[in-house]
Amino acid sequence: MAWYNTSGNAWDTVISSRVRLARNLNGYPFASRMNEEQAHAIIAKVGAPLESSGFKKIDFAELSPVMATSYVEKHFVSPQFATLQTPHVLFLQEQSGSAVMAGEEDHLRIQSILPGLALEEAYKNASRIEKRLDEDFDFAYSERLGYLTHCPTNLGTGMRASVMMFLPALTRGGYMESLAVQLSKIGLTVRGLFGEGSGAAGGMYQISNQITLGISEEEILRKLSEAIQQITDSEEKARKAITGDTLDRLTDRIKRAEGTLKYAYMMTSSEFIKLFADVRFGIALGLVTDISYEELGNLLVEAMPATLTLGAEIPPKTEAARDILRAAKIRDFLQRKEP
Amino acid sequence: MLCEKCKKRTATVFYNENINGKTQSYSLCGDCAAKLREQGDLQDITSMMDSFAAPFSALQTDLFGGFFGMPMMKAVSAEKKCPSCGCRYSDISKSGRVGCPICYDTFGEELSRTIQSVHGTTAHVGSVPSRHRALQARAEKMKALKQEIQEAIEKEDYESAARLRDEIRKLEADKTEQEGA
Ligand SMILES: [Zn+2]
Ligand SMILES: [Zn+2]
């Protein structure tokens, strides 16, 4: 069970919640000035307590690019992490959605990712891991600047809390630009996900705190939660405002998307994202009833290129073969319950 | 792995393309991938988290890059090096990354401009590592004891003063022991 296929709070508008803490060990330079020996030493040091508390060690130096990218698609590591040339290891507790990246931009990136709106719980999870490591290690810290990080944008709490939101109605209404401006005024950042150019195709956005210094962890969570509540209200309102001809046209589009997902023979990932968003919107509006959020959510990872390739008996060699495989995977997931 | 296109930034986007039956794979950085995507040359993105072509992320990056690039700051400390990692301020402003924890002391003044611009403040509130909490608690206790001993001496209560003096010595010994550890 994971963030993408387990039901969570506020699933109509929120896909997942994540909290990440950046920490560095005293006595070592930051990543860009560290030699290999030092990088290995840090990994070995933090590995001991993590492995004994049930984390699985995954050494990315030993992974194929496809395997590494699959962890990116599951949001357990950042895209940067997957491609580092320096020693980097993921400590993962897949069941609880907890992960520690060792050797990323900061020595440690401790994160918890959970389905739906669950910021408090994600913070508790990340914080519990952090406290365990704090017992054994001396984190780089100054009274004035808080936790010291490779990039000054993460100083202070070193905490980035983010919520992946699903906002198809606000996107269609063209409200996202002005929402982004408003949010930036209160120290929050909006980033389009799965987008090509406009970021709008999937109607999915990551909303996170921009500032980490001069604001406590609790305050970051409170501010973000308040914003999420307001955005959710606006999205709900925008959804209710779709009526008449507009609703008919939308219904047609959603039904066609459902049909295409269920019966297409080939599908690119960008087409998939568009259809995914339409069908997910359909579930929220009660127009699609025989597909659940959980079934659809699975595809957000399973139909992505690397994970798709990994799951195949014969890895696809060409783009076309991959698109055939993707369509088959989607059919398989969505038609299971059909008579 | 470096980006195949610009050969400058780290590649974060991996992409397979099929042209006339021939499969080609590319490794690109976020910027180059975004450019290709705009031109319509990239359609199937391998890494889904890396959709950095998003409209709003650009703002943040530009903002930050601008703060670091302050030429005035460079001139002030062009020669100074961090005693711990050897980093210069020009290295920091070029990369946007600080060399080591000690750099924040070494370049405290120079960095405070950047930090102020990014966060709107330079003062941490929030959680504290346990080791620092212990040090803080000890410092506060020490302050209180010194106050008490002062008062005891003023009141000519030498018995209490002697007891307090022993307590202070013990606290100091603990501190030395812990810092040495
Ligand atoms: Zn490039
Ligand atoms: Zn330094």
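**Exercise 1.** What is the geometry of the site of the zinc ion (ligand 2), given its four donor atoms?

*Solution.* Note at the start that this model is predicted.
Step 1: find the donors. They are the SG atoms of B:Cys82, B:Cys85, B:Cys100 and B:Cys103, at 2.3 to 2.4 Å.
Step 2: check the angles. Among the four donor atoms they run from 99 to 119°.
Step 3: apply the cut-off. Four donors count as tetrahedral if all angles lie between 85 and 135 degrees. The site is therefore tetrahedral.

**Exercise 2.** State the spacing that the donors of the zinc ion (ligand 2) follow along the chain, then place B:Cys85 and B:Cys103.

*Solution.* Step 1: the spacing reads C-x2-C-x14-C-x2-C.
Step 2: B:Cys85 sits in the loop between α3 (71-76) and α4 (89-95) of chain B. B:Cys103 belongs to helix α5 (residues 103-106) of chain B. The two are 18 residues apart, so the pair links distant parts of the chain.
Step 3: add burial. Buried means under 20% relative accessible area. B:Cys85 has 19% and B:Cys103 has 0%, so B:Cys85 is buried and B:Cys103 is buried too.

**Exercise 3.** Which strands of chain A stand at the edges of the sheet?

*Solution.* Step 1: write the order of this open sheet of eight strands: β2-β3-β4-β5-β1-β8-β10-β9 (chain A), with antiparallel pairing.
Step 2: read off the edges. They are β2 (56-59) and β9 (188-193) of chain A. Each has a single partner strand, so one side of each lacks a neighbour in the sheet.
Step 3: look at one pair. β3 (residues 89-93) and β4 (residues 98-102) of chain A share five bridges. A:Leu92 stands opposite A:Ala99 in β4(A).

Conventions
Residues are numbered from 1 along each chain as its sequence is written. Chains are lettered from A and ligands numbered from 1 in the order in which they are written. This is a predicted model: local features need pLDDT of at least 70, side-chain atom pairs count only at pLDDT 80 or more; totals for chains, interfaces and linings use all residues. Side-chain values use heavy atoms; hydrogens and water are left out. Donors are N, O and S atoms within 2.8 Å of the metal (3.2 Å for Na, K and Ca); water is not among the atoms, so sites may look incomplete. Four donors count as tetrahedral if all angles lie between 85 and 135 degrees; four count as square planar and six as octahedral if opposite donors are over 155 degrees apart and all others between 65 and 115; anything else is irregular. Helices (H or I, at least four residues) and strands (E, at least two) are DSSP runs, numbered from the N terminus. Buried means under 20% relative accessible area, exposed over 50%, partly exposed in between (1.4 Å probe, protein chains only). Two strands pair if DSSP finds at least two bridges between them.
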